[in-house]
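Reader: I'm new to this one and would like a close look at a single part. Could you pick one helix and walk me through it?

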Amino acid sequence: MAFSTIGAAYGTSKAGIGIAGIGSFKPELVMKSLIPVVMSGIIAVYGLVVAVLLAGQLSPTAGYSLFSGFIALAAGLSVGMGGLAAGYAIGIVGDYCVRGYVRESRLFVTMVLILIFAEVLGLYGLIVALILNAKADNGACSA
């Protein structure tokens with residue numbers, strides 16, 4: 001969850017800088033330019049979903065196998081690193097495209113498409129994490 005949240009924070013801050021830069025020139029474009037910030041917030045939700053699923057498998061009385069621990073680590077790293085990469089991409093694209101959108105309004109469609117492809121990086125991490133989580137057996141070691 002930490003890595004996906006860091007990615008979301010970076011994407012929000014980087015795109016927010018671009019939005020703040022255009023706000024004084026064309027304030028009417030600020031609301032449409034919030035799309036990168038919203039998409040960055042979704043990245044953090046992916047990490048939260050996986051963290052809740054992994055925490056739901058823990059019990060103070062039941063055993064937790066080494067295999068399940070490594071599966072949980074892999075699932076967390078999958079969504080985390082995917083979210084970090086997606087947040088970084090959304091931030092960079094959001095900053096530059098919002099600034100370009102002030103000059104050329106036709107850039108908006110291109111910005112949205114690039115942001116969708118950047119968001120999919122985080123979604124891929126979520127999907128892999130969910131598949132990995134389904135493979136965990138939570139059985140205690142029989143050694």
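Author: Happy to. Let's take α1, keeping in mind that this is a predicted model. The helix has 22 residues and reaches 31 Å from its first C-alpha to its last, close to the 32 Å expected at 1.5 Å a residue.

Now look at what α1 tucks away. Ser 4, Gly 7, Ala 8, Gly 11, Ala 15, Gly 18, Ile 19 and Ile 22 are buried in this helix. They sit on the same side of α1, because they cover an arc of only 100 degrees around the axis. Here's the general idea: an α-helix has 3.6 residues a turn, so residues three or four places apart point the same way. As for what covers the buried residues of α1, that includes α2 (35-56) and α3. Turn to the other side of α1, and you'll find Ala 2 and Ala 20 exposed.

There's also a surface feature to trace from here. Phe 3, Ile 6, Leu 66, Phe 70, Leu 73, Leu 77 and Met 81 form a nonpolar patch on the surface, and together they have about 670 Å² of accessible area. Both α1 (2-23) and α3 (66-103) supply at least two residues each to that patch, though the largest share, 5 residues, comes from α3. So α3 turns up twice in our tour of α1: it is part of what covers the buried residues, and it contributes to the patch as well. For one patch member on that partner helix, try Leu 77, which lies in α3. Leu 77 counts as partly exposed because its relative accessible area is 36%, and partly exposed means between the 20% and 50% cut-offs.

Terms used: Residues are numbered from 1 along each chain as its sequence is written. This is a predicted model: local features need pLDDT of at least 70, side-chain atom pairs count only at pLDDT 80 or more; totals for chains, interfaces and linings use all residues. Side-chain values use heavy atoms; hydrogens and water are left out. Patches are made of residues with over 30% relative accessible area and no salt bridge: like charges are joined within 9 Å, nonpolar side chains (Val, Leu, Ile, Met, Phe, Trp, Tyr) within 5 Å. Accessible areas come from the Shrake-Rupley method with a 1.4 Å probe; for residues, only the protein chains shown count as cover. A salt bridge is a side-chain nitrogen of Lys or Arg within 4 Å of a carboxyl oxygen of Asp or Glu. Helices (H or I, at least four residues) and strands (E, at least two) are DSSP runs, numbered from the N terminus. Buried means under 20% relative accessible area, exposed over 50%, partly exposed in between (1.4 Å probe, protein chains only). The expected span of a helix is 1.5 Å times one less than its number of residues. The arc is that of the directions from the helix axis to the C-beta atoms. Contact means heavy atoms within 4.5 Å.
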